[in-house]
Structures are given as structure tokens and as C-alpha cells.
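Here are some short exercises for reading a protein structure step by step. Try each task yourself before you look at the solution.

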Amino acid sequence: MKPRPLLGTAVFFVLSCLRPTEERVELDLQVGRAEQGALSVKVDDGLAAVRALTDDSLVLWGSAPGFALELTASSARELRLEVQNCLPEAELGVLNGAAELTPLADTTLPTRKSWTVTLPAGSSRLALAAPDSESTEPFQFALLSDVQEAIDRVGDIYARMNEQPSVRFVLGAGDLTSNGRRDQLERFQSELERLNLPYFSTLGNHELGTQPDLFHEYFGRGNFHFRFHGVAFTLLDDASASIDPTVYDWLDDWLEQSRRDVHVVAMHIPPVDPIGVRNGSMGSRNEADKLLARLAEGRVDLTLYGHVHSYYSFDNAGIPAFISGGGGAIPERFDRIGRHFMVFTMDAKTGVTARDLVKVD
Amino acid sequence: MRASFLTFAALLHATTASAASPTPSPRPDASQAVSPPDSAPPGPDGALPTAAAVAPGLLVHGAGHYALGQPRTARRLLLMEGIGLGLFLSGGLTIVFTGASRYLVAPAASASMLGFGLFSTSYLADIYGTVSNDGGAALTRYRLPATWETELGYRRIEDPQFAYRDFLVERVSRQIGPLRLSPSGFFSLRGDTARYRMESQYRLAGNVEDARPRDVSFVDVTLAFTHQRYRPEHFSRSLAELSLDTRYDLARLGPTLRGAFIELSAGYALGRTDYDLSGLTVPSDLEHLLLGRLGFGVTLRGQSAPGSEALLYYDHRHDDYVAGLKLKGIGSGVIGHFGLAARWFFTERVGVALDAQAGSAYLAGASLLFRSPARPQPPETTP
């Protein structure tokens, strides 16, 4: 081959990338870990983002209804611990160590709680959870995604959500912002103060618009797994229309752990768009079918997606699937849906017992 | 993409400028019958027209031909750019402002693809016309499709999502009048995946008999069936597709473009995915695909035997081994993949095919081509 064709081939190949998600997987692994002077923190499974850490204060943003963390202090000290985006009824407990906790009532937001933690030197393990987190009683959660440029009106949706007395938390399937800019993430966070429930979300392709690493800084991991009331939840980062090969290994573990449980899997982009010619789906149908085969083999009970700004109910690989992109971003025309969110009633013994489409407009 | 196009143009220049044999003259009436040459005298030779095609031509397609003294061809390329841009924007804006409505997305996406095809190929054509100095030789390089053609080759596929890497590729092609039947297969050397395809193409319009046509444009209708299996991942997919495939001879726009062509295809596929999970009965999934392909190609000259050509293309397929392009930003997954395909025949019977594609995976490889000799051509008659 002559040099010029060889150069041409090289140029041609660098135009695309095979693992656009690789850096975000590295970021996932850093979520929940921080060290500052005499204090270090490590949140198990990265289920909370460290928003601030000083020698005497720690601020976390929760990605799940409950999580455990390890605090290591080089000397005894008193620490103000604030957890944002938590269940209103969440309580902090000591798993091991001699730490002492004193609840503080210094915030009016139901999803924000703080404590004074008296830490001895060495490691202490704490856990945040709702008192009924290990119960297997039925519960409800909501699904909302694709807010984007409709952030000015999202308060209407939150108001309707606040009217749902049994909903414990909101699951997000991404596209919270238009471009993932810092000011947009800040705005999304400030609007969440109107919601009386925590919002646990993965990211969407719109969070990749300017600075893809900011989502992790604000809202934590893109790929994570948690349990609540005996139901397993897995959120996956497929914002680049693909799931990173490393995450498939994590997914295999999560599927194996939850094989006998009711299991909900959510991600932004549906593996296969029910309107196939639109291709609002993964970049590779082969990868999509590979993922669906794994979810089916793992006995997943429910798959939830966003990305398409409408509402679709269908099955993929025999698993009930819903696309709910009703946060207000440019809606799919002529579908007669408009802004909406969904409410699911879950039972750890029987699965999804009810689902409702709540129209806001 | 621009960098890729420019590199492709450089490749073309290297190929066309290396014609060792004296440039055969086209038949006296050949170019005129297709498109009368510009009446303007030939413009400046050398690098200026090419530079004009590359730089200002980025915005004003046809700039190179203006510099070359071919104003009519330049205007046609500019018109092509305008139509392409219009189609691309109208399709794209329809998608954006209707939220990719299920009722409009197929025609809107098709319009966008067609627009992108016209826009990009008019740019490439402008560059081609300024670097190609032996367009007339292309007339002697045409070859009717071989009655029989076989392909045996190797492809390397780099896809982080799948373990397969090395493939054996086979294809047989049989031409029966306007009908071409082409069974083919991709076989992973690990035995974990295979792709079988049966393609039948019928020429609705265009040459199938003239060994020295004045115009190589054609319109084909293609009916194809594909089956892919992925044993380790427990699924297989069967697909039926129907598409309209066209080639447009760019000599219709101007004599400097002889030897270059555009390919445009559009179609629809319906597929079924079956899951093979032990102990589980999983219902099949139906899948729909919008097919679209657009490319800019050239007839290769130089030392190659007739029937040699190269094609730079975009393919909207998302179901094959290369699938849709992954990007780091917002738009990942929507667009398909890009490819560069070339067929170079050393002799009347033997050649090689080169294949490079970039999408969700990278594919590169080559095949040996064997074809039956061309049918004897009737002697040219002098009027």
C-alpha cells in the first residue's frame, strides 16, 4: 500500500471511537471517594457523590435510598455531615466504630438531612437508610426523564409528583439538562428543591454536550445498583448509545445477585427503538440484542428508558419496557401524550403490580 | 469527515495521475452525447483549481471548476450543493421540531441522508474534476458485470463488545441478464458468529449489455435476506430487506467528471431477533430498519484492468458488524458507518477487493476476486 492510502486509512479510522464511555467508567470508580487533610471518605459502591469535604464538614449527594460509607480520621474530631437528595425519613446509623451521631434540624428541605458526627481516630462505618428499607412491603416509585430545555416548567411536574403520597423516590433515565453545562446542572439541582422526594438518575446523551465529567461531580455514578424493599434497581449509562464493556461485567454481577429478586433496569437510550426507522436506540443492533439477551437471562422484570420524548409501552426480549421521555423536552408531535411521568407499584414478591401514566399538561 | 474526504481525493489523484499508458481517447461523440463540454476555454492548469476546490470549495462547491474554466460544471455542482443542503436541513429540522415523530421520521431521515449525499459528493466531485486529467480513459475501463464472480477473503473486525475478530468472507455472484444473484457469508474463524446473505438485484434502468456505454448510471431494485447468529451471546437475527439502489454518472454534469459517479440507495428492512437461552422461553423481537447508503466513487485507471473502481461511502445500517458510529458527544448512535471499498483487477480474470469501515466497530480486510472473462465485444463501426 502506498503511504497516502495508508495515511488515509489511519485518518479515516480515528474519526470514530470504539469506547466513548471508557472515561466515564473511570469516573464511576472515583465517585464517593475523597481525601482532605486528616479525613477521608469512601462510599460503598459509589452510591453517593462527595460534594464537599473539609476537615470538619462533609456533604454528600445520594444516588440511592440507602448507602454505607467509611470515614477515616487521623485524629478525633467533630464533623458536620450533610446528605442531600435522600429519603425524607432516612436515618443515619453507626455500623461499626465509636462514632457518635447527633441529628441537626438546620434545613427545611425534606430531602436534605444533616448530623454532627463525633469521630474517633481511625475508621468508622456509617449507614444511611430509611427505617423500612429492608421491608418487602409494596411501594411506589416514579419515573421522569428528558427535562432538558423545559427546566423552567419542571416545577409543574414536581408539584404533581408531590401529590402522589405513596411514591418514595423518583428514578431518572437521563437528559436532565440541555448540554450538561455547569450552570444547567446547578439549575436542575436548584429546581429539585421543589420536589419532596429524592431523584436518583443516570445520565443521558445531553449531559455529554459540553463537559461529560460534570454529571459525576454533581449527581454521582452513571452505572449503579441498589435495593429497596427487596426490589433491585440497576441504572446503566448508555448515553453514548453503548454500554462500556467493563460495565457489562458489573451488570453480570448485578444480574447474578438479583436473579431471584424483582429487578428493574433503567437507562437513557432504549436498546431498540420500537419505531426502528427512527433509530433512537443503541448504535449497534448487535449490542442491543446482546444486552437484551443478558437482561432476559438475568430474569429482569422491568426495563425503563427515556431519550424518546413520548410514551411507549412494549416488550423487549419478553421483558415489559416503557419509554417515558415526558420531562418537557421538545415533545414528539402528533402522539397526544405531552409532559408526563410514570408511577410504578412494586412488590418484592410479585413484581410490578401496577403502573400509571400521569399526564401533567 | 472532511479530512477523510480530502485524503480520499489525494488517493484519487495518486491513482489517476499515475496512468502509465497513453490516455486513450474517448469515442468522438461519447462525452458530448452525455453532456456537452463547457464552451469556456480550459482554465489554469496545476494546483490552483484543486486548491480552489479544497478551500473556498468547502463553502462554494464548484469553485475548483470555476478556476478550471468550466463554469457550467461549476454551476451544476453549486446547484447540487444547494439542493443537498436544502434537503439536509429540511429533513433535519423536521426531525428536530417534530421530536422525531414516528409519522415523519422515515421520510425526514431519508431526505437528510440524500441531502448529505448530494452535499458531500458535490464537494468531492469538484476536487475530482480538478485532479483527474485522464477522464477519457474511464470510458475504456468500463466492464459489464461478469457472468460469474467469486470472492474469497479475510476481514479483521475490532469491536470491544464482541470477542470475534477474524473472519473468512465468501461470495459468489451470478449475472443473468438484468438479474444478479449474490449469496455471501461472513464466518468468524472462532466459530462464534456467522452472517449469511442472499442478495438479488434487478436492473430497472441502465446498461446491462453495452460493453462501452456512454453513461454508467443505473437503477436497481434489491431484495435481500440476511441471517446472523451470535452463539455466545444467545441471539440470532433474520432480516428481509427491499431497497432501491442507484448510480449516477457524474459525466452528466460535465466532461471533467468522467470516471466519477455517485451511488444512492434507500430501503426498508424488517428483522426478527430470536433468543436462545437455556431453560427460558423468550419471545422474539421484531425490528425495523431504515436503509440508506450514499457514496462517491471513481473508475480506477492506471495499471488496473477494466472493472476496477473505488467508493467512499456512508451506510445507515445499524444491524451489521460495523453498525452505527459511536461519538463522545450528544449524537452518538444515530448515524451509521463510513466505509472505503475498492476493487482492483490485475487481469481480466483476477483482482483484489479492499474493504475498510468505521462505525461501532472497525473493519478492514481484503479479498481475492475471480471473474469470468468478458463477453466478446462487437467491433466498433465507423459511421
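The exercises below work through a predicted model, beginning with chain A and ending with chain B.

**Exercise 1. Two domains of chain A**

Task: Find which domains chain A has, and describe how domain 1 touches domain 2.

Solution:
- Step 1. Start with the bounds: the domain assignment gives domain 1 as residues 23-129 and domain 2 as residues 139-359 of chain A.
- Step 2. Next, look at the separation. The C-alpha centres of domain 1 and domain 2 of chain A are 26 Å apart.
- Step 3. Now turn to the contacts: 22 residues of domain 1 of chain A meet 26 residues of domain 2 of chain A.
- Step 4. Ask which elements of domain 1 supply that side. Helix H2 (22-30), strand E3 (48-53) and strand E4 (57-62) of chain A each provide at least two residues, and H2(A) gives the most, with four residues.
- Step 5. Finally, sort the residues on this side of domain 1 of chain A by character: 14 are nonpolar, five are polar and three are charged.

**Exercise 2. An open sheet in chain A**

Task: Work out the order of the five strands in the open sheet of chain A, and say which strands stand at the edges.

Solution:
- Step 1. Follow the pairing across the sheet. In chain A the order reads E3-E4-E6-E9-E8, and the pairing is mixed.
- Step 2. Look at the edges. E3 and E8 (100-104) of chain A each have a single partner strand, so one side of each has no neighbour in the sheet.
- Step 3. Add the twist, which averages 25° from one strand to the next.
- Step 4. Zoom in on one pair. E3(A) and E4(A) are antiparallel and share five bridges; A:Leu53, for instance, has A:Leu58 in E4(A) as its bridge partner.

**Exercise 3. Positive phi angles**

Task: For A:His229 and A:Ala241, find the phi angle and decide whether each residue is buried or exposed.

Solution:
- Step 1. Read the angles. A:His229 has a positive phi of about 55° without being a glycine, and A:Ala241, also not a glycine, has a phi near 60°.
- Step 2. Place the residues. A:His229 sits in the loop between strand E14 (224-228) and strand E15 (231-236) of chain A, while A:Ala241 is in the loop between E15 and helix H6 (245-257) of chain A.
- Step 3. Count neighbours. A residue is buried if 20 or more other C-beta atoms lie within 10 Å of its own. A:His229 has 20 such neighbours, so this residue counts as buried. A:Ala241 has 31, so A:Ala241 counts as buried too.

**Exercise 4. A helix in chain B**

Task: What span should helix H6 (residues 105-131) of chain B have, and how far apart are its end C-alpha atoms?

Solution:
- Step 1. Take 1.5 Å a residue: the 27 residues of H6(B) should therefore span 39 Å.
- Step 2. Compare with the model. The end C-alpha atoms of H6(B) are 39 Å apart, which agrees.
- Step 3. Check the surroundings: H6(B) is mostly covered, with 23 of its 27 residues buried.

**Exercise 5. Hairpins in chain B**

Task: Describe how strand E11 (residues 350-358) of chain B pairs with E10(B) and with E12(B).

Solution:
- Step 1. Begin with strand E10 (residues 337-345) of chain B. Eight bridges link E10(B) to E11(B) in an antiparallel arrangement, and B:Arg343 is partnered by B:Ala353 in E11(B).
- Step 2. Move on to strand E12 (residues 362-371) of chain B. Nine bridges connect E11(B) and E12(B), again antiparallel, and B:Val350 has B:Phe370 in E12(B) as its bridge partner.
- Step 3. Look at the connections. The E10(B)-E11(B) hairpin has four residues between its strands, and the E11(B)-E12(B) hairpin has three.

Definitions and conventions:
Residues numbered from 1 in each chain as written. Chains lettered and ligands numbered in written order. Predicted model: local features only at pLDDT ≥ 70, side-chain atom pairs only at ≥ 80, totals over all residues. Expected span 1.5 Å × (residues − 1). Buried ≥ 20, exposed ≤ 12 C-beta atoms within 10 Å, placed from the backbone. Pairing = 2+ DSSP bridges. Domains from an automatic or database assignment. Contact = placed C-beta atoms within 7 Å. Nonpolar A, V, L, I, M, F, W, Y, C, P; charged D, E, K, R; others polar. Axes fitted to C-alpha atoms, helices over the stretch in contact; angles between N-to-C directions.
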